[in-house]
Amino acid sequence: MALPPPDPQFVLRGTSAEVHTLHFYCGGQEPDYPILFSGSSNGLIHVWNLKTRRVNTILDGHGGKSVYWVEAIYGRDRLLSQGRNQKICLWDLAEGRNTVTDSVFTENVGFCKCSLLKVAQGHWLMAMPGKDLDEVQVLELPSKTSVCTLKPEADAKPGMPMCLKLWQPDFGSCPFLLAGYEDGSVILWNLSGGKILSRLACHQEPVMSLDFDSEKMKGVSGSSEEVLTVWSLDEQQNLKVQKTHKLVNAGIADVAIRQDKKILATAGWDHRIRIFGWKNLKPLAILDYHTATVHCVSFSDHSRPSERLLAAGSKDHRISIWSIYNPTSGALHCPLETRKPD
């Protein structure tokens, strides 16, 4: 008999706004770690201490415009944040400071989140939406030097990039970019040549989110429709649909593969978080806590598997924290899925 879905381990309240992005940092020592960064629709970034379950710091650098991407860089003392004020900010959080030390202006007003990839000690690549609606710009950090501009051919017409994922097969190897577009396609870009290597029609609607497993060479994408799509990348660098999963309710705002590559989480417009086995996309759990759209999901990177957490941010202003690890299966089993009443 299937186990009932769990309740959240705890819930973080106090953002006073929709939560659009989450990012864990677990690399430090207690009692100050782990911490969780959250970005909200009111332009504020909250830095949460998960031991005390309270806010350590509130950062205000986006002029009241929605923050929809945050990621730690150089450890926890530096943070990148992206907002609807068309700025990407670099924050200095060391020794109690909370100042913006650098920024990049983006000429794009969409909701496409940046993607960050460490390519050498002290050096990163950052992919971001470009000046033209269909462009992706890749910068080197910290220099902010332009590496390439990725623009589809005129007759390709994929529309705007909606989500981005930088990756490389091995540390130090040539990096690639996977981008989900407005027309429902996923495109694989070669950064060294700025060329499209493969294009796959995954969805009938815009690709809202994607993630990629560079070990198994397969990824997953969600859209506003009722389908979750898993696709693979073969040795000839061709993208192919591997499997699809039909959802009861439409709309996937975010997807995340856990670092151990065992489970996948999705954030649903129907207020639910769904957990799948990553190996075969087997439904494992439906986490039904939130009362509005779940905008984002994020896994912690604790070194001990039993301590790993899942966070979900919602339109209902709350962040739910879940402990779903099971020593035998990696996640709890779920009852049969049912449609949530309107």
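Is Ser-115 buried or exposed? Select Ser-115 to begin the tour, and keep in mind that the model on your screen is a predicted one.

**Stop 1: Ser-115**

Ser-115 has a relative accessibility of 6%, so it counts as buried, the cut-off being under 20%. Colour residues 115–120 and you will see the strand that holds Ser-115, namely S10. Now show the side chain of Ser-115 and the backbone of Leu-166: the serine side chain reaches the backbone nitrogen of Leu-166 at 2.9 Å.

Which residues is Ser-115 in contact with, leaving aside its neighbours within four places in sequence? Select Leu-125, Met-126 and Ala-127, then Leu-164, Lys-165 and Leu-166, and you have the list.

**Stop 2: the cysteines**

Step back one residue to Cys-114. This cysteine is buried too, with a relative accessible area of 5%. Why is Cys-114 not in a bond with the closest cysteine sulfur? Draw a distance to Cys-112, where that closest sulfur sits: the gap is 7.5 Å, which is too far for a bond. In fact, the structure holds 0 disulfides. Cys-148 is likewise in no disulfide, as the nearest cysteine sulfur, in Cys-174, is 9.8 Å away. With a relative accessible area of 10%, Cys-148 is buried.

**Stop 3: a pair of strands early in the chain**

Select residues 19–25, which form strand S2; 6 of its 7 residues are buried, so the strand is mostly covered. Add residues 35–40, strand S3, and you have an antiparallel pair joined over 6 bridges. To see one of these matches, pick Leu-22 and look across to its bridge partner in S3, Ser-38.

**Stop 4: a sheet of four strands**

Next, bring up an open sheet of 4 strands in the order S1-S28-S27-S26, with antiparallel pairing. Its edge strands are S1 (10–12) and S26 (294–299), each of which pairs on one side only. From one strand to the next, the twist averages 20°. As background, the strands of a sheet pair through backbone hydrogen bonds, either parallel or antiparallel.

Start from S26 and walk across. Strand S27, residues 310–314, pairs with S26 in the antiparallel sense over 5 bridges. Two matches are good to highlight here: Val-294 stands opposite Ser-314, and Val-297 has Ala-312 as its bridge partner.

How many of the residues of S27 are buried? The count is 5 of 5. Show the side chains and turn the strand around: Leu-310, Ala-312 and Ser-314 are on one side, Ala-311 and Gly-313 are on the other, and both faces are covered.

Continue to strand S28, residues 319–322, which pairs with S27 in the antiparallel sense over 4 bridges. Here Ala-311 stands opposite Ile-321. S27 and S28 make a hairpin with 4 residues between the strands, where His-317 takes a positive phi near 80°.

**Stop 5: unusual backbone spots**

A little background helps at this stop: most residues other than glycine have a negative phi, and most peptide bonds are trans.

Where does the chain show a cis peptide bond? Zoom in on the link from Leu-141 to Pro-142, with omega near 15°. Pro-142 lies in the loop between strand S12 (136–141) and strand S13 (145–150).

Then select Met-217, which has a positive phi of about 55° although it is not a glycine. Look for Met-217 in the loop between strand S18 (207–213) and strand S19 (218–223). Met-217 is partly exposed, with a relative accessible area of 23%.

Leu-281 also has a positive phi, near 60°. Its place is in the loop between strand S24 (273–277) and strand S25 (283–287). Leu-281 is buried, with a relative accessible area of 3%.

**Last stop: the annotated repeats**

Finally, colour residues 200–241 and 287–324, where an unreviewed UniProt entry places the feature "repeat: WD". Over residues 200–241 the chain is 0% helix and 60% strand, and the end C-alpha atoms lie 8 Å apart. Residues 287–324 are 0% helix and 42% strand, with the end C-alpha atoms 10 Å apart.

Notes:
Residues are numbered from 1 along each chain as its sequence is written. This is a predicted model: local features need pLDDT of at least 70, side-chain atom pairs count only at pLDDT 80 or more; totals for chains, interfaces and linings use all residues. Side-chain values use heavy atoms; hydrogens and water are left out. UniProt positions are given in the numbering used here, feature names are shortened, and annotations may be inferred rather than shown by experiment. Buried means under 20% relative accessible area, exposed over 50%, partly exposed in between (1.4 Å probe, protein chains only). A polar contact is a pair of N or O atoms within 3.5 Å; within protein, one must be able to donate a hydrogen and the other to accept it, and residues adjacent in sequence count only if both atoms are side-chain atoms. Contact means heavy atoms within 4.5 Å. Two strands pair if DSSP finds at least two bridges between them. Axes are lines fitted to C-alpha atoms, for helices over the stretch in contact, and angles run from 0 to 180 degrees between N-to-C directions. A disulfide is a pair of cysteine sulfur atoms within 2.5 Å.
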